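Here's a quick briefing on how the pieces of this assembly meet. Have a look at the model first, then read on.

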Amino acid sequence: MTDPRSLSPLDLETPDQTFLDANELVINMGPQHPATHGVLRVILRLDGEKVMGLECVIGYLHRGVEKIAENRTYTMFNPYVDRMDYVAAVSNALGYCEAVEKLLSVEAPPRAQYIRVILTELNRMASHQLWLGTHALDIGAITPLFYTFRDREEILKIFEKYCGARLTTHAFRIGGLQYEAYEGFEKDVRDFVSFVKPKIDEYEELLTTNRIWLERTKGVGVISGKDCIALGVTGPVLRASGVQWDLRKAQPYANYKNFDFEIPTGQNGDTYDRYIVRIMEMRQSLRIIEQAVEGIPEGPIMAKVPKVMKPPVGEVYHSIEAPKGELGYFIVSDGSTQPYRVRVRPPSFVNLQALELMCRGQLVADVIAVIGTLDIVLGEVDR
Amino acid sequence: MHDVVQYIQSYLESNQTPGAAGNFFWATVYILLVFVGLSIAVIAMNWLERKILAHMQVRLGPMRVGPHGLLQPIADALKLLLKEDIIPAEADKVVFWVAPFIVVLAAFTVFVVVPFGPTHAITDMNIGILFMLGVSSLSVLGIVTAGWASNSHYPLIGALRSSAQMVSYEVAMGLAVVSVILMTSLNEASTGTLSMIGIVQAQQAQQQWFVFKFFPLGLIGFFIFAVAMVAETNRAPFDLPEAESELTAGFHTEYSGFRWSLFFLAEYSAMIAVSSIAVTLWLGGWLRPFPNALQGPTWDLVFSLIPGLTFLFLAGMAFYSTLRMPKHPLFRVQTIGLAGFGALLGVIGLILFIPGVRLRVQDIFWFSAKVAAFMYLYIWYRGTFPRYRFDQLMKVGWKVLLPTGLALLILTALVAMRGELLADVRGVWRP
Amino acid sequence: MHAMLDISTLHYLVLGAALFLLGVIGVLTRRNVVIVLMSIELILNAVNLNLVAFSRYWQGIHGTGALHGQVFAIFIITDAAAEAAVGLGILIAFFRNKETVNVDEVNLLKW
Amino acid sequence: MNPAAIPTNPPVATPFFFYLLATVMIIGGILVITRKNAVHSAMALITTLLAQAALYLMLYAPFVAGVQIILYAGGIMVLFLFVIMLISIERTEKERQFNKQWLVGIAAAAALGGLFIAVYTTTTSGRTLFPEGKLSYAEGENTQRIAGLLFDRATGTYMFAFEIASLLLLVAIIGAVVMAKKRI
């Protein structure tokens, strides 16, 4: 495989000429399409059912989040990040808060960090459950969707009890937490863990050994670890290709080094491996949650952060392992109350680059499977 | 006047299908009955599919329109009829108009030969099964033209997919059917039959459902047919032509309102049609369970009471649900409605106990019960399986079902002809 | 029944002849190969109609109804299937090379 | 043959259905050769074929009717539609529809029609060459009788022809694949 970076889309050789050497079929998938997860538009060039090339058109959900940041104070911008990856809002907030904390050279107190980890991992569960349901729905299995949504509901209930919001939680503040964990938070989390463990087996029963599921996912959308690194693909997609790279282990943040967990990896880099990796990640998340809930220390939940934040002049890049991959924030401060520039490295946006490489030469149905397996959220792609 | 009454009554004693008796009055009555029954079955199927699927998926399904959503299909039908009929500007208008009617006609016409009982068929054709396969294969024309006439990419891909799919699976289906027709020829005259009634009568004469004939050959044939019929009706897991996540709605993407509902109607009646073929060919058609092992007037009575008891049981379920309805003024109408529905079921059940009705209707009941089992299977598939990809679908059709069907046909022929073959071999080796 | 309205074999033959002529006109005058092939199907069907009508008329040697005509019709349908498959195969090959489906542009044996 | 086996129910309204179906067939045939759009032609042809299947039923040839529906309407015509969709037809619709020798073609057809009329009006000793046929076997035996002619050891006149026909189909399949495939 040649290095994809050295090739422009035109250079990539098409796998086959059309059957009749004549008009290839160009179809426009999206932005209104049941399986493009929002407003992704994919222009497919087809030879019958075979994909000869595709082009992603993005930007239908562009809200200028990065530009908004330049006109808001650091605190005011915090809720905006929730709207990027809206199915994993807690992770977004964690990344942003930690980045600003790094800029301010403060660190959240241990108790806050533990609660942050619990909520983030719960959100990883929720994100993966939503992914699993919609991915299975794309491939035609409609039942898992309802199973995963039933269980995701329990997570959202915990969020709601904690901070009043279910989706765009705005759970964290720069320097720690706004709210102390509510009465019975630990019990709720423990109950959830024991509730959801058998449910993951239930999902697996429906899918993991299902012959049609295997045929639809094995060997579909294969991407090698090398290509992943070349394209900057991160997260479960990268790990399913056999690269053991998880920022929680590689560059531990937010106390992750205190927890004992494994990084599940796959070998083949196909859709099935990505499915297995995500299922295993759900189990690892539960493991982290169990440990964190056992070991929540007492103490303050907010570090000493000035009311009016004026970080010193400088820049910072901080990235965390969001459910979808590496979520990075690059913040430049000019010493004023507002950031000079905020650049978000959204995992979905970068992962989406791999779509063409993974789909070329496959069939239309595989494009759907691959879009699903990349687990993109358009709010994050377009920002 | 007396002649007319005589004409009408003469059929009831003739013990023939209206078509065979040449009785136009009863033929018309049967056509109307089949049409109405089919429409009711489609409506019921619509409700049942949504409820059963919902309960498989830990949700309730329709609950608002009528008690337990019983009136939901009617509300939907009204909505569809009142919807604006949109024809895309660039569509081929004539073909766009005609296509849904082709599909519906093909799906309904096959019921001309479906035997709900030894006399309960509109007519019995000499080529019954051939007619059913042929006419149901016509629906592919409607689908192809619908996709083409929409003048849009998704419907076109859906149409190409479905035509390829239906044509491929017809081959495997035909092979399985031919193996059954071979089995019907195992009588003294050794003449088989293509007639639907004849096939069931052959099963009766051979004292065996063909699914158990030449075990496991009949069973394999049944499985081939059971897979092929799902593909033939474009249902999950072979629902690629209308794969929602890929092609939005496949060949009927551009259809709305009444025309769309015609496709819907056709899909469900086609499901019932192919299930009827499977029931007739392998599961003994209208024959009650164990017609030969459990013979005698006592058993006849017991089995003829089952239809009424089934309806009474359903009525009991409805009354039980009535008791469980929330005791709230808002639910009063619904509670009364559900009780009324239960009463209706109960009355039907009681009517089915009347001896004359009992004897005439029990065949229809057994046939419908077997078909209903298939319908449940369809819903179950939909709740369980992901969707096949197009190449995999073709692989299953051509590389699995077709060779199996061919081998099955040859084996069935060998087993069926083993007497003559042995005689031939003896003739050659010991002249 | 009125003698004029009674349907005899000749009625079917006349209908067959009419279809045959329509088919002939289609084959000889149309440019689009697909329609020419369809016209050939019309001709074959006209012949089939005649054969089946004859088979009703011809009682066989012992007057037991031998159905030779119907068997012939089945053979002709087989033949039509083969013809359509090969004809349309040629058509696709032709279209791939010349990007046209008009018969009068097929004037080269080689290109 | 047992005379009791011959059907006793006379067909009803035969002339009406004959003329109805004949009209449908003729109109369908005309549409086939005159439509610009090949899909419309194909639809007209399908109508003609189905009407013809109904005529076969009226001629007591149910098996041929069944084969007509399943093979012609369900098989060959789907193939036609498939090919029409594969090749682009938008352009051909705007072109000239009839070739230059259309006059010759119609003249030839007219000559042929004259021949048909001449033959059909010929009478020998006051009756036409083709009197009405009578059914001499039970309607329900049609398929079995055809099978006897095709497969039976004793009466299978056409067994060899049947095998040859299957060979023809095999050749056609291979031929079609070779023709349509770009690289073999």
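**Domains and chain contacts**

Chain A splits into domain 1 (4–57) and domain 2 (73–382), with the bounds coming from an automatic or database domain assignment. Keep in mind that this is a predicted model, where local features need pLDDT of at least 70, side-chain atom pairs count only at pLDDT 80 or more, and totals for chains, interfaces and linings use all residues. Residues are numbered from 1 along each chain as its sequence is written, while chains are lettered from A and ligands numbered from 1 in the order in which they are written.

**Inside chain A**

- Taken over C-alpha atoms, the centres of domain 1 and domain 2 of chain A are 30 Å apart.
- Where the two domains of chain A touch, 19 residues of domain 1 meet 20 residues of domain 2 (contact means C-beta atoms, placed from the backbone, within 7 Å).
- On the domain 1 side, β2 (41–47) and β3 (50–57) of chain A each chip in at least two residues (helices, H or I with at least four residues, and strands, E with at least two, are DSSP runs numbered from the N terminus).
- β3(A) gives the most to that side, with 5 residues.
- By class, that side of domain 1 of chain A has 12 nonpolar, 4 polar and 3 charged residues (Ala, Val, Leu, Ile, Met, Phe, Trp, Tyr, Cys and Pro count as nonpolar, Asp, Glu, Lys and Arg as charged, and the others, Gly among them, as polar).

**Between chains C and D**

- This contact draws 64 residues from chain C and 74 residues from chain D.
- On the chain C side, α1 (9–29), α2 (33–57) and α3 (68–98) each supply at least two residues.
- The top contributor there is α3(C), with 21 residues.
- The side of chain C that touches chain D divides into 42 nonpolar, 16 polar and 6 charged residues.
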